[in-house]
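Please read these notes with the structure open beside you. They go point by point, beginning with one loop and ending with the whole chain.

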Amino acid sequence: MITHIKGKLTEKNPTHVVIECHGVGYLLNISLHTFSQISDSENLKLFTHLQIKEDSHTLYGFSSLAEREIFRLLISVSGIGASIARTMLSSLTPKQVREGIASSDVALIQSIKGIGAKTAQRVIIDLKDKILKIYDIDEVSVSQGNTNKDEALSALEVLGFVKKQAERVVDKIMIAQPDANVETIIKQALKNL
């Protein structure tokens, strides 16, 4: 309903700001990440998310569309409310949250106050595919300028293996043995494909 608010910054705290827009002061709950992005200039524009409950209407403010998108994804997970999602975005940057979910880093997600092991796993299970799809990131891959890796991949493709599958296996080999030669990479990959 309310997608952004632009106006005069009248109050700034680590947990909320008040923006005056045409004589009306809007209280927006913010994360520490957004707080750190806000300058003390008078004019401010924040992207918003309006949460309507039986007993309250609450506005959340975000310095970027990316942060708001991550917030909305987080609150779509059962067991993650707006306050926990805001805590996550206060403890980690939106990029760290995104990468933590994409790489299935349960320990990182669980390191946030109020999130246990089961909730962290649920966040990853529910959001990993969405994050990979929305941000078009492939699962963690090793540095791209590696000619041994490229040669091994093209050899595996010639042998009839699917590129994506071969790439995952080769990436794991490259992490374990960064200085492996082409022949070693191919032999190891053939054992694992």
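1. Start with Gly-23, which sits in the loop between β2 and β3. The model is a predicted one, so all that follows describes a prediction. Is Gly-23 buried or exposed? Its relative accessibility is 64%, and exposed means over 50%, so Gly-23 counts as exposed. From Gly-23 to Lys-8 there are 15 residues in sequence, and the two C-alpha atoms are 9.7 Å apart in space.

2. His-22 is found in the loop between β2 and β3. With a relative accessibility of 81%, His-22 counts as exposed. The backbone of His-22 deserves a look: its phi is near 55°, which is positive although the residue is not glycine. Most residues other than glycine have a negative phi.

3. The two strands around this loop form a hairpin, with two residues between β2 and β3. They run antiparallel and are joined by six bridges. One pair to find on screen is Cys-21 and its bridge partner in β3, Val-24. Strand β3 itself covers residues 24-29.

4. On its other side, β2 is linked to β1 by a hairpin of three residues. Strand β1 takes in residues 4-12 and pairs with β2 in the antiparallel sense, over four bridges. Here Lys-8 stands opposite Glu-20 in β2.

5. How many of the six residues of β2 are buried? The count is five, so the strand, residues 16-21, is mostly covered.

6. Helix α2 spans residues 65-75, and its buried residues are Glu-67, Arg-68, Ile-70, Phe-71, Leu-73 and Leu-74. Which elements cover them? The cover includes helix α1 (32-37) and the strands β4 (43-52) and β5 (57-62). It also includes three helices further along: α3 (82-91), α4 (94-102) and α6 (117-134).

7. A second positive phi turns up at Ser-104, again near 55° and again in a residue other than glycine. Ser-104 is placed in the loop between α4 and α5, the latter being residues 106-110. At 33% relative accessibility, Ser-104 counts as partly exposed, whereas His-22, at 81%, counts as exposed.

8. Now the chain as a whole. It has nine helices and five strands, and along the sequence they come in the order β-β-β-α-β-β-α-α-α-α-α-α-α-α. Why is the chain called more spread out than a compact globule? Its radius of gyration is 22 Å, while the globule rule gives 16 Å for 193 residues; the value is well over the rule, so the chain is more spread out. The C-alpha atoms fill a box of roughly 70 × 35 × 25 Å along the principal axes.

9. Of the 193 residues, 39% are buried. Among contacts with a separation of 6 or more, 50% are between residues 24 or more positions apart. The accessible surface is about 11100 Å², and carbon and sulfur atoms account for 51% of it.

10. Last, the charges. There are 23 positive and 22 negative side chains in the chain. How far apart are the centres of the two sets? The distance between them is 4 Å.

Definitions and conventions
Residues are numbered from 1 along each chain as its sequence is written. This is a predicted model: local features need pLDDT of at least 70, side-chain atom pairs count only at pLDDT 80 or more; totals for chains, interfaces and linings use all residues. Side-chain values use heavy atoms; hydrogens and water are left out. The radius of gyration is taken over C-alpha atoms; the globule rule is 2.2 Å times the number of residues to the power 0.38. Buried means under 20% relative accessible area, exposed over 50%, partly exposed in between (1.4 Å probe, protein chains only). Contact means heavy atoms within 4.5 Å. Accessible areas come from the Shrake-Rupley method with a 1.4 Å probe; for residues, only the protein chains shown count as cover. Lys and Arg count as positive and Asp and Glu as negative; His and the chain ends are not counted. The place of a charge is taken as NZ of Lys, CZ of Arg, CG of Asp or CD of Glu. Two strands pair if DSSP finds at least two bridges between them.
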